[in-house]
Amino acid sequence: MPTRAPRQAEMTVARICGCHLSLMPRSCSPTADVWPGLSCPDQAYAGKLAMTSEASSGSRRTRSGRLRKQAPEGDSTLLIHVAPGAEEGHTYGSTAPTSEPSGCREASGRVGSPSKPQIADFVLVWEEDLRPGRQQGGAGRVEADTRGVWRDTFLDNLRAAGLQVDQRVVQDESGAVHYILLRAPWAVLCYYAEDLRLKLPLQELPSQASNWSAGLLAWLGLPNILLEDVPDAPPEYYSCPFKVSKLPRFLGSDNQETFFASTERHQILFAILAKTPYGHEKKGLFGIDQLLAEGVFSAAFPLHDGPFRTPPEAPQAPGLTQRQILFRHWACWRKWNKYQPLDHVRRYFGEKVAFYFAWLGFYTGWLLPAAAVGTLVFLGGCFMVFSDVPTQELCSSTDHFEMCPLCLDCSFWLLSSACTLVQAGRLFDHGGTVFFSAFMALWAVLLLEYWKRQSATLAYRWGCSDYEDIEERPRPQFAASAPSTALNPITGEDEPYFPERSRVRRMLAGSMVVLMMVAVVLMCLVSIILYRAIMAIVVSRSNNTLLAAWASRIASFTGSVVNLIFILILSKIYVALAHVLTRWEMHRTQTKFEDAFTLKVFIFQFVNFYSSPIYIAFFKGRFVGYPGNYHTLFGVRNEECAAGGCLIELAQELLVIMVGKQIINNVQEILVPRLQGWWQRSRLRAKRRKAGAPEAAGQAPWEADYELLPCEGLFEEYLEMVLQFGFVTIFVAACPLAPLFALLNNWVEVRLDARKLVCEHRRPVAERAQDIGIWSHVLAGIAHLAVVSNAFLLAFASDFLPRAYYRWTRAPDLRGFVNFTLARAPPAFAAAHNRTCRYQAFREDDGEYSPTYWNLLAIRLAFVIVFEHVVFSIGRILDLLVPDIPESVEVKVKREYYLAKQALAENEALSGTNGAKDGYSLGSERSLDPQPTLPGVSQASPVPSSKSRGSPQASSPTWRFQN
C-alpha cells in the first residue's frame, strides 16, 4: 500500500464506522498498525474498506468475502472492536450516542423508513432457576455449568464480532430471566450487507402495484369495494447489491441510523448469530439454532415495531407504526373483504412471508368462480333428484328388488330401503359433474399459469428475481460440515462444497425411510378397511332395527374418523423424522434444504391424507366377487359399496377429512395460541411483580415480545393449503361443494394467519425468497394428477357412462335402468338359501361377466383417454398462450439492465455521456449522489476490486424494484 493510503483509508473507515475514530480504539491485532481504530482478521477486509482510496495509486486487492476463511477454525466472525463504553448499559439503546456528533444524524433517512432507530436489533433470552433445591451438585449441575460456559463463549464471540451487547435481568427469589440485547454498529452493518449481497435502493420510483381484479372492475366501470387506501405505502426503488465503495450513491446513505431498514438489520444480525461458534465448529458447536435446541437460550428474536394496538392519545394514521398499520388494515377481522397490503407485509416481515400471503390471497380469489360453478352444479343436482326416473323407480320398487347380504352374517335387504342414500348420491352424480370436472381441471391449469405471472411480477418488484442463483449464501451448517471448497460458477467465488454423488447416495438412503413410512400408512389403511368390515358385522347383529339397517354407513363414517386420527398422529411423527433426514443430506442453501424437506413431507402426507379417498374411489367394491364366491382379505370378506354407491361414500370421506381437518386446524390456531400466550404472560408477569417492578413503569419491549409465542415458520400453512388444493381438484367430481368449503375456510385463514403474525407471535427474522419454492412444482403435479383422477372417477365410480350406454342402447327415458344394473345370484347360492336375490354388477347368472360389462369397460377406457387428451391439450394451449413472465416485466428488466450500466459505471464521464441520451437516466444519476464525498475517495474514477472487475456482475450489476 502506498504511504498516503493509510491516512485516506483511516478517514474512510471513520466515515463508515460512525464519524469518530475515537469510537474504535486501536487494537493490538496485526492489522492495527495499518488500520488505526479497526481490527480485522486479515488484510483482505482492510483492503476492502480502502478500495476506493487505493484507486488513485493503482493498487488492486482481492477481497475473499468468505467468513469461513478468516481464521483457521472456519466460520469465524469479523472482529471489529467497539468502544469500551458501548458494552455498558447506559450507552445501549440510546437514539443519540453522546460520542457521536449530531451532524452524522441530521440527514434525512430513506423515504418510508421510520425516523427513530430500533432499541435493539436482536434479543436473546435465557431463564435461570434460582430455587435452592436446584443449585445442588450432580449431573444436572454439570449440564447447567456446560450451558453457562457455552453461553459466555458465544456472547464473547459476539462482542468480538463487533456487536454491542447489553444485558437486562428480571429476578425474583425463584428465578431470573436474562435479556441479551444486541445491536450492530455501522461498520458491521456495512461489511455484512456487502457480504450478504443485500440489495439497497438507488433511486425511488412511482408505485407500480396493481391487481388484476381491480383492473377488471375498472374496465367494467364497477365500484371496487375491495380496494382500500392503506397509509404509509412503501415506496419502490431501483436497487442493486450493496457495495461499500459505492456508498454515497445509495439513497439515504448520509443517515447511518435509518439507511438500513429494520428487516435488513435483522438479517445481518441473524447471519452473525447463525455462524458464531461457542466451541469447535466441526463438532457442530456453533450457531444460535443449536444453542436454542440445547436449551442454552430460551428464545432469540428481533423486536416488534412497538405495540400493535394504537394508543388512545395518538390514533392518527401519520403517527402509526408499521405494526399498527398492519393490525388496522390487515390483521383485523373487519377487513375480510379488502385487498391485502402485500407491500406493507413485505416491508415488515420480508419476502418469504409476503409470498405466502400473496399466494393465499391469489388462490382464494380464484376459488370464487370455482365455488360459484360448484354450487350451481350442486343445486342442479338438487332439482334433478325429484325428476330422475331411475331414482323414482328405486324408491317406489317396495319389495320388488330383494338384495343379497352385504356381509357374511348380514341379512337380505330391500333395495327400496336405500332410497335416501340414492337420492343423496344423485346430488353429486349427474351430467353436470362431468362438465364441472373438466372445468376444474382447466381452472387449475389457468390458476397456476397466472400465478407464475403474478409471482414473476412480485419477484421483480421486490428485487428478488435472481436471489436463488446469485444472492443466496450457503447455510452455516453446510459451510461448517462441508469437507472441501469449490468455485461457484455463477458468482466466481470459492464456496464450501459437498460432493454431489455423496448427496445423491444420502438422498437415496433417505428415500428408503420415506418408503418405509409410506408402508406404515398403507398398513394403517388396511387396518381401517378391516375395521369397517368388522364394524359392519357387529352393528348388523344389533337388535336395533335402525342400527342394523345403517350398519354399512355407520362403519364407513366411524372408519373415516379413525382414519383422521391416524393421519394427525402419523403427521407429527414423520415431520420430525423428515427434519433429521434432510439435515443429513447436506443441502447447500436454505432454499434447497426447505425444498428437500417439503418434498419428503408432502409425499408422506399425500399418501397419509389421500390413501383412504383413493381406496374408496378406485378400489372399494371392485374386487368383491359374487354370491357364493366372495373374495376375502385376511379371512374377512372384501368391502362392497353401500346402496347409494361409492361416490356418496367418497363425498362423505372428503367432507370428514377436509372439513374436519380445517375445523381442527382453525380451533388449534385460535385456542391453543391463546392458552399458551396466557400461560406465558401469567408466568412472566408474576415473576416481574415478585422482582418488585412497578406496574406503572410498564413493560420493556423485549419483555413484551418474550411473552408472545415463537414463530414456527410457514411450512404447516403451506402444507394445509396445498392439501386443500388437492381435495378441491383431485376428487372434485365426488364433491362439487369442495371449492365452496375451501373458499370459506381461506377467508378465515388469511386474517387468522395475519393476526397470529402481527399480534400473537414474536416477529420472525425477515427472509428473502424468489417465489413459493418447490410448492409451485407440487401444485403443478397435483393439477396434472387431478385430470387423471377425475377421468377415472367419472368413468368407473359414477353412473354417468352406464346411464349414457343404456340411453343409447335401451331406452332414452332410462326406464328399467335399475333392473339393468342388477345381476341375479347364481342358482347354487339361491338353492343354498332357498331364495333368490339381486346384487349390483354386470354378470351372467353363473357369475361370469356379461357382454355389457366388456362393452362398458371399453367405453370407460375410451372416455378416460379422450377426457385426458382433451383437457391436457387445452391446458397446453393455455400454457402457450399465457407467458410465464408478463411482457411488461420483461421490458422493464431489459430497461433496468441498460440503466444499471450507467448507474454504477466505472467511469462517470461515460455514464454521463450515455445518460445524456436518456433524461430518465440523468435524473436517476443526479438523485443518486447528493451526499458529500468521502475523505480520500476519488469520485472521478471509482475502481472496483480486482475480484469483481473480471466478472460480468461487476461491469453490469442488475437492478430490481425494492420496496
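**Helix H23, strand pairing and model confidence**

Helix H23 is the largest contributor to the nonpolar patch, supplying 3 residues. In this predicted model, the patch lies on the surface and consists of Trp333, Trp336, Leu368, Leu744, Trp747 and Val748. Together these residues have about 570 Å² of accessible area. Leu744 is located in helix H23. With a relative accessibility of 44%, Leu744 is classed as partly exposed, because that class covers values between 20% and 50%.

Asn745 also belongs to helix H23, which spans residues 738–760. In contrast to the partly exposed Leu744, Asn745 is buried, because its relative accessibility is 5% and the cut-off for burial is under 20%. When residues up to four places away in sequence are set aside, the contacts of Asn745 are Gln662, Asn666, Glu720, Met721 and Gln724.

Across the protein, 33 helices and 17 strands are assigned. Of the 963 residues, 53% are buried. The accessible surface amounts to about 41500 Å², and carbon and sulfur atoms account for 62% of this area. Among contacts with a separation of 6 or more, 77% are between residues 24 or more positions apart.

One antiparallel pairing involves strand S2 (residues 164–171) and strand S3 (residues 175–183), which are joined by 8 bridges. The connection from S2 to S3 is a hairpin of 3 residues. Within this pairing, Gln167 is positioned opposite Ile180 of S3.

Confidence varies along the chain. The mean pLDDT for the protein is 74, and 75% of the residues reach at least 70. Strand S6 (residues 299–301) has the highest confidence, at 93, whereas helix H32 (residues 946–949) has the lowest, at a mean of 34. The pLDDT is below 50 over residues 1–117, a stretch that nevertheless has 257 contacts in the model beyond near neighbours in sequence. Residues 906–963 likewise stay under a pLDDT of 50. For residues 906–963, the model contains 138 contacts beyond four places in sequence.

Technical notes: Residues are numbered from 1 along each chain as its sequence is written. This is a predicted model: local features need pLDDT of at least 70, side-chain atom pairs count only at pLDDT 80 or more; totals for chains, interfaces and linings use all residues. Side-chain values use heavy atoms; hydrogens and water are left out. Helices (H or I, at least four residues) and strands (E, at least two) are DSSP runs, numbered from the N terminus. Buried means under 20% relative accessible area, exposed over 50%, partly exposed in between (1.4 Å probe, protein chains only). Contact means heavy atoms within 4.5 Å. Accessible areas come from the Shrake-Rupley method with a 1.4 Å probe; for residues, only the protein chains shown count as cover. Patches are made of residues with over 30% relative accessible area and no salt bridge: like charges are joined within 9 Å, nonpolar side chains (Val, Leu, Ile, Met, Phe, Trp, Tyr) within 5 Å. A salt bridge is a side-chain nitrogen of Lys or Arg within 4 Å of a carboxyl oxygen of Asp or Glu. Two strands pair if DSSP finds at least two bridges between them. pLDDT is the predictor's confidence in each residue, from 0 to 100.
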